[in-house]
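Work through the following exercises with the structure open beside you. Each task is followed by a solution that goes step by step.

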Amino acid sequence: MRVSKRASSAVALGAAFALIASGCSGSDDGGDAGNSADGAIVIDGTEPEVPLVPANTTETGGGAIIDYLWTGLVEYPNNGGAPQNAVAESIETSDSKVYNIKIKKGLKFHDGTEVKAANFTKAWNWAAYSPNGAQNSSFFADIQGFADVQSEDPDGEGPKKAAEPAKKEMSGLKVIDDYSFQVTLSAPTAVFPTKLGYSAFVPLPDVFFTQTPEEFGRKPVGNGPVKFVSWENNVSIKLTRFDDYQLRDKMKIKDVDVKLYQEDTAAYNDLLAGNLDFQQQVPVSALAGDKWKADLADRAIQSTTPSTGIIAFPMYDARFKDPKLRRAVSLAVNRQEITEKIFFGNRTPADSWANPLTPGAKGGNCTACQYNPDEAKRLLAEAGGFQGEMVFYYNADASHKEWMEAVAQSVKNVLGINARAEGIPTFAVFREQINAHKMKGPYRAGWQQDYPDVENWVNPLYVTGGSSNDGLYSNPQVDALAKEASGAPNLEASHEKFAEAVKVIDQDVPSIPVYFQGQQSGHSEKIKKVELTNVGEIDITSVEL
C-alpha cells in the first residue's frame, strides 16, 4: 500500500494521470549546499511488520523504508504527473500484452554489483512462486505462467501441505541480454507499465538468492539513493547516502535516521522540541483549533493524498457472513459527524470505494457509505440481529482511538448493538493478528494506493487471494469482472469494467470506507526545503538543510 517517489525521464507508454500535487515547504534560495552535503535528519516511522523484503512487505512502516532503499523501473512524480522511467531506459509494446523492457547500464546495487535484467526476472519469479510465501505474490498474476508457479494448501493451516507448483518460473519472463528482458502477459493489460513503480517489482541483488529472506531482510541491499546501515528493533533504522547512485534523484544530505515511534504524540513532542525533523501526520490532538499550525507556523504542511480510512470485516468470522448485517453497520456510521468533530474538518466523508484522486475512480459509488439509521435498523432486523459484543479494533500507537470510538458509538446508538472500540498496542502486533486471520471483530484497515490506477483499489483488496484481502472476502462475480478489467486492451475499457466490479462490492460491503485522507505534516527549523511524495511520504532526496 505504497508508492515509489522519484522521477526522471518519461515512460514510453506514459498516459496522462492526474493525481494531487504534493506539498512543499521552505525557502526559495535552495538552502545552504554546504550544510546539506554532510547533513543528517531524523524522521518518524513505525516498526516494520516483517524483514525488509520488497515483495513481502504490504504495510507502510516497512514500505517507506523500502521506498528509500530501492528504485524501480518507473516511479511516480511528486507533482502527481504521469509515471516516468527510472531504472528503465524504455518500456515498449505494440499490443499491451508483450512488453520489451530495457534498463539503463551502469546502475549499481549497494553491494557494488551491477543491476541487470536478470535481477528483475529472478526477483519476480521468486515473489510469484507460492512456496516462498511472498505477501505481494498476486501482483504478478498478469504475467503468463503465473498459475504454473502457484499451488493451494488443501486444508489451510492444517496438517496437509500444498503440492509443489507445476513450475518454478513463469513462462512470461525472458531475459534477452544483460540490459533487456521481455514480459508476456496472459492477456493485454494496459495498466501494466503503471504498476511497475510499485515496490513489489523492484530488482533484487544476486546476494538475495544466497540467503534466507529473513537474513536478507534484516540487512537489505537495494539500489536506491540511500543504503542500509542498521536496524534496532522499535528504536531506529539508520540509512546513509549511496554515493554510487547514478540517477537524477541523488541525495542532497548524507544520513537519515528513521526513529520508530510507538505513539504519534511522542513524535509530535519531539518535533516541537527540535529532536525530530519530520513527522508525516501530526496527532489528532494537535488538529483542534489548528493548534498544529500555530505550533509549527511556516513549517506546517497541508496536503491531500490518495488514501482512505477504512474498517474491514473479518469474513472468516461467521457472525459477519450476512451482507445485510455488514451494510447495516456501514449505514449506521455518521461519517460527516466524525470528520467534523473528530478530525475538525481535516478529513472528508468517504462516498466511494476508490479514492477519488485515483485515475479511473468514480465518485459517489458507495451506497453503503450513506448515513441512514432507518434502513440500517431494517437491515439488521432482516439479518436476525447481532448477538453479543461487537468490538472494533485499531492499533493504539497512532491517533485512531477517537475516530474508532466514534464509529463504535454511532453503531451502538443507531443499532442498539453492544459496540465498543479496543486498541491493540502496536501496529506490528496489530498486523500480526490480521495476517493470522485472528481478528474477532471489524478492524481499522486504511489503504494508501500503491500505483495510480483504480485497479489498485480492487484487485489487492477484494479479489479472492488478493495481497491485502486480509478479511478473506470472496465473490466469484467480482473475481470474473476484475479479471476482465485487468485484461482490457485500454485503460478506458478497464476502468468501466472495474466500475461493474465495484457495484457488486458495494452490495456485499466487505469493508466500510469512512473518510478520505487529508494530511497535516510538519518539519523542523533545520530543514530549509522539502517535498512530499504524491502519497504524503517525505521525499528524502528533496531535503536541503
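**Exercise 1. Decide whether S180 is buried or exposed, and describe its surroundings.**

Solution. With a relative accessibility of 9%, S180 counts as buried, because buried means under 20% relative accessible area, exposed means over 50%, and partly exposed lies in between, using a 1.4 Å probe and protein chains only. Before going further, note that this is a predicted model, in which local features need pLDDT of at least 70 and side-chain atom pairs count only at pLDDT 80 or more, while totals for chains, interfaces and linings use all residues. Residues are numbered from 1 along each chain as its sequence is written, and side-chain values use heavy atoms, with hydrogens and water left out.

Next, place the residue: S180 is found in strand β8, residues 180-184. Helices (H or I, at least four residues) and strands (E, at least two) are DSSP runs, numbered from the N terminus. The side chain of S180 makes a polar contact of 2.8 Å with that of D177; such a contact is a pair of N or O atoms within 3.5 Å, where within protein one must be able to donate a hydrogen and the other to accept it, and residues adjacent in sequence count only if both atoms are side-chain atoms. Finally, not counting residues up to four places away in sequence, S180 touches I101, K102, A117 and V175, where contact means heavy atoms within 4.5 Å.

**Exercise 2. Explain why helix α2 is largely enclosed by the rest of the structure.**

Solution. Begin with the count: 9 of the 10 residues of α2 (residues 60-69) are buried, so the helix is largely enclosed by the rest of the structure. These buried residues are G61, G62, G63, A64, I65, I66, D67, Y68 and L69. Then ask what surrounds them: they pack against the strands β2 (40-45), β9 (226-232), β10 (236-241) and β11 (255-260). At the N-terminal end, α2 is capped by E59, which has a side-chain oxygen 2.7 Å from the backbone nitrogen of G61.

Now take one residue of α2, L69, which counts as buried at 0% relative accessibility. Leaving aside neighbours within four places in sequence, its contacts include P220, V226, F228 and L239. L69 and F109 are 40 residues apart in sequence, and their C-alpha atoms are 9.8 Å apart in space.

**Exercise 3. Find how strand β15 is joined to strand β16, and follow the chain between them.**

Solution. The strands β15 (residues 389-395) and β16 (residues 418-424) run parallel and are joined by 7 bridges; two strands pair if DSSP finds at least two bridges between them. From β15 the chain crosses through helix α11 (residues 401-415) to β16, in a β-α-β crossover that is right-handed, a term used if, with the strands pointing away from the viewer, the path from the first strand over the helix to the second runs clockwise. Within this pair, V391 stands opposite R420 in β16.

**Exercise 4. State what is noted about phi of S96 and of V509, and where each residue lies.**

Solution. Phi of S96 is near 60°, a positive value in a residue other than glycine; S96 lies in the loop between β5 (88-92) and β6 (98-103) and is buried, with a relative accessible area of 15%. Phi of V509 is also positive, near 50°; V509 lies in the loop between α15 (491-508) and β19 (511-523), and at 0% relative accessibility V509 counts as buried.
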